[in-house]
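Work through the exercises below with the sequence and the model open. Try each task before reading its solution.

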Amino acid sequence: MSSKIIITNINIAEKGVLLCGLIENDLLAEIHLERMNVWPDADFARNHGNLPDAGGYAVDSDTPVLGNIYVGKVHRILKNINAAFVETAPGVFCYLPLESVENPVYVKKTPAKKIAAQDELLVQVQKEAVKTKVPTVSTNLNLTGRYVVLTTENTTIGISSRLDRQTRAHFRELFESRGAGAYGLIVRTNARNASDEEILAEADTLTAQMNHIISSAPNRTCFSCVHRSMPKYLAFLKNARPEMLNEIVTDLPQIFDELGSFCGQYRDLENVPLRLYDDPMFSLANLYNLDKHMQRATQKNVWLRSGGFLVIEPTEALTVIDINTGKSISGKDPQKHFRQINMEASKEIAHQLRLRNISGIIIIDYIDLDSKEDQQELLDFLKKQVRTDPVPVRVHDITRLNLVELTRKKVEKSLQEQVKSLDVSKKLC
C-alpha cells in the first residue's frame with residue numbers, strides 16, 4: 001500500500017482552515033481540519049523540541065483541545081453518577097469520571113480529603129466534545145512520543161499487543177531493568193523501528209517534560225494551559241508508519257520547515273521524502289481536488305459504482321447507514337445481486353467511517369439476504385474491511401431485523417462536527 005500525507009490551507013466561507021489529509025492508493029482516506037493561528041510560544045517549543053523560530057501552532061479557540069493539559073477547577077461533584085464537572089476556562093465545562101481518579105496533581109486543594117468542589121488540579125482532555133456531550137478529561141496525565149507513552153497514575157509498564165512475543169519480552173526486560181520510576185510507560189508499535197538507545201532517550205525526554213509540567217503547575221493560574229498538544233498534522237505524522245509512507249507534501253513554507261525539523265528527530269522518519277509544492281499557477285488543494293472531496297465527505301448520499309448508494313444519517317444517539325439498490329439493475333438472481341451490492345457497500349462503509357471519522361454506535365441496514373450463509377459471509381467481509389482502520393472498530397452481530405451493529409471508538413470529532421465547529425457548515429453541508 002502506498003500512502004501520502006498532504007498539508008495545505010483551504011478557504012471555506014472566507015475562513016482559513018488547515019487541512020491534513022492522508023491519501024492511500026490514490027484514495028483520500030482521512031481528513032483532519034483545524035483553524036490555526038501562528039504565535040511565539042515558549043511552552044510549545046519546550047514541550048516539542050527545537051522548532052522554527054516563528055513559533056508554534058495553537059487552535060484559535062477556548063474549546064478544550066484533545067491532549068491539552070489544563071489547570072482546571074472542580075465546579076461540582078455528582079455523586080449519583082460518580083463524576084465531576086471541571087472548568088478548563090470560564091464557563092467551559094468538562095466531564096471527569098471519578099472512578100478513574102487515583103493520584104491527581106493538585107494545584108490548590110480544599111480541606112476535604114477527596115476531590116471536592118473548588119479544588120484546582122491538572123486535567124488532560126481525553127475525548128473532544130461530541131454532539132451534545134462535553135469533553136472528557138482525566139487526571140491520568142500522559143505524554144505521547146513516537147515510541148513510548150508516559151503516564152502519571154498508571155505506573156505499570158505496558159507493551160503494544162501488535163508487537164510479537166519476542167519483541168514484547170525484550171522491551172519489558174529493557175524497562176524493568178531500569179527499576180521502578182515515578183511514571184508508567186507504554187511501549188508503542190513504532191518502537192520496533194527504533195534502537196534501544198532511541199527509545200530510552202525518548203522516555204527520558206518525556207519524563208523531563210512531565211517533571212517540568214508538574215513542578216511548574218503550582219505557579220500557574222487557574223484555567224492555564226500548561227501543556228499544548230501537537231497540531232494534528234504533527235501528531236498524525238508521529239503515529240505514521242514510515243515503511244508505508246511514500247511522501248509528505250505541503251505548500252506552506254513554515255510548516256515545511258517544521259516538518260523537516262520534526263522528522264529529523266527520528267531515524268525512521270528522516271528518510272521519508274518531504275516536498276514543498278510551489279506551483280503558483282495551480283494550488284495543492286486544486287491538484288488533489290480537495291474542495292470536491294470535502295463536499296462529498298459531508299453529503300448524505302454516497303454513490304457506489306454498481307449504481308447503488310449509501311445514505312449516512314448521523315443522529316444524537318447513533319449513526320444509521322442505509323444501503324439502497326438505486327440505479328443498479330438486477331439480473332436473473334436477485335439474491336446474488338443484493339449480495340454483490342452489500343459487499344461493495346461494506347468496502348465503502350469502512351472507507352467512509354474513517355474518512356468522516358464516524359464514531360460511537362453505528363447501525364447498518366443492508367439489503368435483506370435470505371441465506372444465513374450469505375449473511376455470515378457479509379459479516380466476515382465487513383470485519384475484514386474495518387480491520388485496517390487505525391481507530392478500533394468492533395462489528396457485533398446481525399439483529400433479528402437484519403441490522404448490523406458496530407461501534408467505533410470515540411476520540412476526535414467527526415468530520416461533520418469539525419466543519420460545524422469551524423462554523424463553515426453552510427458552505428459544505
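**Exercise 1.** Which side chain meets that of E24 in a salt bridge?

Solution. The model is a predicted one.
Step 1. The partner of E24 is R354, with N and O 3.1 Å apart.
Step 2. Place both residues in the chain: E24 belongs to strand 2 (residues 15–24), and R354 belongs to helix 8 (residues 334–356). The two are 330 residues apart, so this salt bridge links distant parts of the chain.
Step 3. Check the surroundings: both E24 and R354 are buried.

**Exercise 2.** Find the network of salt bridges that includes E247, and classify its members as buried, partly exposed or exposed.

Solution.
Step 1. Start with K4. A salt bridge joins E247 to K4, and their closest N and O atoms are 3.4 Å apart. The pair spans 243 residues, from K4 in strand 1 (residues 3–12) to E247 in strand 17 (residues 245–250).
Step 2. Go on to R275. Its side chain meets that of E247 in a salt bridge, at 2.6 Å from N to O. Because R275 is in strand 18 (residues 274–276) and E247 is in strand 17, the pair ties together parts 28 residues apart in sequence.
Step 3. Combine the two pairs. Through shared partners, K4, E247 and R275 are joined into one network.
Step 4. Apply the cut-offs: under 20% relative accessible area is buried, over 50% is exposed, and partly exposed lies in between. E247 has 15%, so E247 is buried. K4 has 23% and is therefore partly exposed. R275, at 32%, is also partly exposed.
Step 5. Set the network in context: the count for the model comes to 13 salt bridges.

**Exercise 3.** Describe the largest nonpolar core and the contacts of I5.

Solution.
Step 1. This core has 48 residues, and the ones with the most contacts inside it are I5, L122, V148 and L237.
Step 2. Helix 3 (residues 196–216) supplies the largest share, five residues.
Step 3. List the contacts of I5, leaving aside neighbours within four places in sequence. They are C20, G21, L22, F236, L237, L245, E247, I248 and V249. E247 in this list is also the member of the salt-bridge network with K4 and R275.

**Exercise 4.** How many residues line the second largest pocket, and which element gives the most?

Solution.
Step 1. The second largest pocket holds about 400 Å³ of space.
Step 2. Its lining has 24 residues, and K131, P314, S414, Q416 and E417 are the closest to its centre.
Step 3. Strand 20 (309–314), strand 22 (360–365) and helix 10 (415–421) each give two or more residues to the lining. Helix 10 gives the most, four residues.
Step 4. Sorted by class, the lining has nine nonpolar, eight polar and seven charged residues.

**Exercise 5.** Where is L403, and what does it touch?

Solution.
Step 1. L403 lies in strand 24 (residues 403–408).
Step 2. Its relative accessible area is 22%, so L403 is partly exposed.
Step 3. Leaving aside neighbours within four places in sequence, L403 is in contact with I363, I364, D365, D397 and I398.
Step 4. Compare sequence and space: L403 and Y366 are 37 residues apart along the chain, and their C-alpha atoms are separated by 6.8 Å.

Definitions and conventions. Residues numbered from 1 in each chain as written. Predicted model: local features only at pLDDT ≥ 70, side-chain atom pairs only at ≥ 80, totals over all residues. Heavy atoms only, no water. 1 Å grid on protein atoms, 1.4 Å probe; cavity = no way out; pocket = protein on both sides within 12 Å on 5 of 7 lines; lining within 4 Å. Points joined across faces, edges and corners; volume = space filled by probe spheres on them. Nonpolar A, V, L, I, M, F, W, Y, C, P; charged D, E, K, R; others polar. Core = buried A, V, L, I, M, F, W, Y, C linked by side-chain atoms within 4.5 Å. Buried < 20%, exposed > 50% of the residue type's maximum accessible area, 1.4 Å probe, protein only. Contact = heavy atoms within 4.5 Å. Salt bridge = Lys/Arg side-chain N within 4 Å of Asp/Glu carboxyl O.
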